[in-house]
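This briefing describes one protein chain for readers who have its sequence and coordinates at hand. Please consult the display below before reading the notes, which are grouped by topic.

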Amino acid sequence: MTAAILLSALAMTLIVGVRYLAVSGGFALATRLRSPGLYTGLDAQMRREIAWSLASAAIYGIPAGIFAWGWQERGWTQIYTDVGAYPLWWLPASILAYLFVHDTWFYWTHRLMHRPRWFRLAHAVHHASRPPTAWAAMSFHPVEAVTGALVIPLLVFLIPIHVGGLLAVLTIMTVMGVTNHMGWEMFPRALVDGPLGRWLITASHHQRHHDRYKSNFGLYFRFWDRLCGTDGGLGDFDTGKRNLLTSCPKQPPRHCDVTVA
Ligand SMILES: [Zn+2]
Ligand SMILES: [Zn+2]
């Protein structure tokens, strides 16, 4: 039994790691084709981003592997495979529920991690990417990775979700994690600046968080940022990059340690 759990944890770590390398690699390539030179001079930073991200892959993969084993062997979790087991409307509703809970958890833990003590202990690793690249998606200190790794494994115990819905949640999580850091906006301006963009977080929104530190703490939705007065609007990639490179000193970024209490 122990061997089976270990094997499952190892398999999940590999899946998360390979998924990260494939998605980040794909968008890094797209970045090179679209904006050659955008990551020039960031080679050492990208190597650090990849190293932290692969360490995070193990931290994400181990609990996921244990719960995957429990789901298969012990019937743990509320994951279902028969799409008719719940009304059809529950399929999109469950996906939204997962994203909303994840977003809520992320927003508040993220705000906490911008308090000076927590920032120095855990979150400075993520903000050492200036400006972030497509490889920064999982570039977290292990303490931060643990807080992120527990949400979905806990949710599968509490909220029923079809296995396909779970796959959709994980895909959205991965793609948005990568693209929000890659340094350009892939969604059309009409969407980003339109009514939907007022509530959804894409690269333009998260770029401003990496630029200014004091606003834009959300993950998928702008709901909490808007409700709590921490929404700083959308970033501008060109000036954003220039500001980052000229106004932020090398670590430790003392003035960047300050936080919204
Ligand atoms: Zn942050
Ligand atoms: Zn970030």
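Leaving aside its neighbours within four places in sequence, with which residues is G177 in contact? The contacts of G177 outside that window are A137 and M138. The model is a predicted one, and the points below proceed from the whole chain to the surroundings of G177, a helix pair and several individual residues.

**Overall architecture**

- The chain contains 11 helices and 2 strands.
- In sequence order these elements give the pattern α-α-β-α-α-α-α-β-α-α-α-α-α.
- The radius of gyration is 19 Å, close to the 18 Å that the globule rule gives for 261 residues, so the chain is as compact as a globular protein of that length.
- Along the principal axes, the C-alpha atoms occupy a box of roughly 55 × 40 × 40 Å.
- Buried residues make up 33% of the 261 residues of the chain.
- Among contacts with a separation of 6 or more, 73% link residues 24 or more positions apart.

**G177 and its surroundings**

- G177 belongs to helix 7, which spans residues 163–179.
- Because 20 other C-beta atoms lie within 10 Å, and 20 or more is the criterion for burial, G177 is classed as buried.
- G177 and L38 are 139 residues apart along the chain, and their C-alpha atoms are separated by 19 Å.

**Packing of helix 1 against helix 7**

- Two packed helices are described by the angle between their axes and the distance between the axes.
- For helix 1 (residues 2–34) and helix 7, the angle is about 45° and the axes are 10 Å apart.
- The two helices are therefore oblique to each other, since an angle of about 45° falls outside the ranges for roughly parallel (under 35 degrees), roughly perpendicular (65 to 115) and roughly antiparallel (over 145).
- The crossing of helix 1 and helix 7 is right-handed.
- On the helix 1 side the contact involves R19, V23, S24 and F27, which meet T174, V175, V178 and T179 of helix 7.
- By character, the residues of this contact comprise 4 nonpolar, 3 polar and 1 charged.

**Backbone geometry in the loops**

- Most residues other than glycine have a negative phi, and most peptide bonds are trans.
- Where is a cis peptide bond found? The bond joining R130 and P131 is cis, with omega of about -5°.
- P131 is located in the loop between helix 4 (116–127) and helix 5 (142–149).
- T77 is not a glycine, yet it has a positive phi of about 70°.
- The loop that holds T77 runs between helix 2 (43–74) and strand 1 (79–80).
- T77 counts as partly exposed because it has 19 C-beta neighbours inside 10 Å, whereas burial requires 20 or more.
- N216, also a residue other than glycine, has a positive phi, near 60°.
- N216 lies in the loop between helix 9 (203–212) and helix 10 (223–227).
- Is N216 buried or exposed? With 24 other C-beta atoms within 10 Å, N216 is buried.

**Residue pairs distant in sequence**

- R111 is part of helix 3, which covers residues 90–113.
- R111 counts as partly exposed, because its C-beta neighbours inside 10 Å number 19.
- The C-alpha atoms of R111 and L219 are separated by 12 Å, and the two residues are 108 apart along the chain.
- A30 is placed in helix 1.
- A30 counts as partly exposed, with 15 C-beta neighbours inside 10 Å.
- A separation of 9.7 Å is found between the C-alpha atoms of A30 and A134, which are 104 residues apart along the chain.

Methods
Residues numbered from 1 in each chain as written. Chains lettered and ligands numbered in written order. Predicted model: local features only at pLDDT ≥ 70, side-chain atom pairs only at ≥ 80, totals over all residues. Helix = DSSP H or I, 4+ residues; strand = E, 2+ residues; numbered from the N terminus. Buried ≥ 20, exposed ≤ 12 C-beta atoms within 10 Å, placed from the backbone. Contact = placed C-beta atoms within 7 Å. Axes fitted to C-alpha atoms, helices over the stretch in contact; angles between N-to-C directions. Left-handed = near helix turned anticlockwise from the far one by under 90°. Nonpolar A, V, L, I, M, F, W, Y, C, P; charged D, E, K, R; others polar. Rg over C-alpha atoms; globule rule 2.2 N^0.38 Å.
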